[in-house]
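Reader: I am new to this structure and would like a close look at a single part of it. Could you take me through the pocket, and then through what lies around that part?

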Amino acid sequence: MTAAQADVARAHEFHEMPEGLKLDAPRLEDGSALWRIARDSRVLDLNSSYSYLLWCRDFAATSVVARDADGDPVGFITGYLRPDQPQTLFVWQVAVDEAQRGRGLAGALLDGLAARVCAAHGVRALETTITDDNAASIRLFTSFAQRHHASVNRDVLFDSFPDEGHDPEVLYRIGPIDVSPAPR
C-alpha cells in the first residue's frame, strides 16, 4: 500500500477516543457539567441550565458524553431524532472542554454517537446547522461525511432571528450515512 492509499484508508476510519477518555450516555446528574462546558466554550448559544438537565433525561439515547478517568464529562454532543423524519439524527450542540481540545475528541464523539444511533434506530442521515464563520464545525461535519462516504447538502435554514446579531444558520444534511468501520 502506498502512503497515499494509507492516507485514504485512514480518512475513512472512525476517530479513536483519546487516551484516558470513554464514551457514555449522558445521565441526569451530567446536566450541570454540560451547561458549564457549553458556557465555557464561548461560541455556543448557551441554553438554560434547565434545558441541559432535560436533555440528559429525555434525549440521552440520542446524545453522548466523553468521560475522563474520574467519570466527569469533558465533552458532549446533544441530538435528537427528527419527529417528522425519524431516520434523521439532528445534532444540536457539540462541545469539548478547553483542556481536551485538539485531541480529536469531537470527531470521536460524533462517530460514536452516529454508530450507536444508527444501530439502535436505523438512522440514515445526520443534520446540523452551522454559521458560516464556524470553521471548526464545518471541518468536523465535512470530515465526518468523508469518513462515512456520505454527501453533504447545504441550505440556509434560518436566515433571521428575533434577537439581533445572530448570523444565518446553514443546514448541513449528511447522508446516506455508512457507519460501518473500514476493513483493515
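Author: What follows begins with the pocket and moves on to the residues, cores and salt bridges of the chain. Please keep in mind throughout that this is a predicted model.

The largest pocket holds about 1200 Å³ of space. It is lined by 44 residues, and the closest of these to its centre are Leu44, Trp92, Val94, Asn134 and Ser137. Two or more lining residues come from each of the strands β3 (73–82), β4, β5 (125–130), β6 (151–158) and β7 (169–175), and also from the helices α4 and α5. Of these elements, β4 gives the largest share of the lining, namely seven residues. In character the lining is mixed, since 19 of its residues are nonpolar, 16 are polar and nine are charged.

Trp92, one of the residues closest to the centre of the pocket, also leads to asparagine 47, because Trp92 is among the contacts of asparagine 47 when neighbours within four places in sequence are left aside, the others being Trp35, Tyr52 and Gln93. Asparagine 47 sits in the loop between α2 and α3 (49–58), and it counts as partly exposed because its relative accessible area is 25%, which falls between the cut-offs of 20% and 50%. Its contact partner tryptophan 35 lies twelve residues away in sequence, with 7.6 Å from C-alpha to C-alpha.

Several of the elements that line the pocket appear again in the largest nonpolar core. This core has 29 residues, and those with the most contacts inside it are Ile77, Val91, Leu110, Leu126 and Phe141. The elements that contribute two or more residues to it are β2 (64–67), β3, β4, α4, β5, α5 and β7, and here the largest share, seven residues, belongs to α4. Leucine 126 shows how such a residue is surrounded: residues up to four places away in sequence not being counted, it touches Leu89, Val91, Leu110, Phe141, Phe144, Tyr172, Arg173, Ile174 and Ile177. There is also a second, separate core of eight residues, among them Ala38, Tyr52, Val65 and Phe76; Tyr52 has already been met as a contact of asparagine 47.

The helices α4 and α5, which both give residues to the pocket lining, are also linked by charge. The side chains of arginine 147 and aspartate 111 form a salt bridge, with 2.9 Å from N to O; arginine 147 belongs to helix α5 (residues 135–147) and aspartate 111 to helix α4, so that this pair, 36 residues apart, links distant parts of the chain. Both arginine 147 and aspartate 111 are buried.

A search of the whole structure finds 13 salt bridges. In another of them, arginine 36 meets aspartate 97 at 3.1 Å, N to O. Arginine 36 lies in helix α2 (residues 31–41) and aspartate 97 in the loop between β4 (85–96) and α4 (105–121), which puts the two 61 residues apart. Arginine 36 is partly exposed, at 29% relative accessibility, whereas aspartate 97 counts as buried because its relative accessible area is 17%, under the cut-off of 20%. Arginine 39 and aspartate 40 form a further salt bridge, their closest N and O atoms being 2.8 Å apart; aspartate 40 is partly exposed at 29%, and arginine 39 is partly exposed at 38%.

How values were computed
Residues numbered from 1 in each chain as written. Predicted model: local features only at pLDDT ≥ 70, side-chain atom pairs only at ≥ 80, totals over all residues. Heavy atoms only, no water. Salt bridge = Lys/Arg side-chain N within 4 Å of Asp/Glu carboxyl O. Helix = DSSP H or I, 4+ residues; strand = E, 2+ residues; numbered from the N terminus. Buried < 20%, exposed > 50% of the residue type's maximum accessible area, 1.4 Å probe, protein only. 1 Å grid on protein atoms, 1.4 Å probe; cavity = no way out; pocket = protein on both sides within 12 Å on 5 of 7 lines; lining within 4 Å. Points joined across faces, edges and corners; volume = space filled by probe spheres on them. Nonpolar A, V, L, I, M, F, W, Y, C, P; charged D, E, K, R; others polar. Core = buried A, V, L, I, M, F, W, Y, C linked by side-chain atoms within 4.5 Å. Contact = heavy atoms within 4.5 Å.
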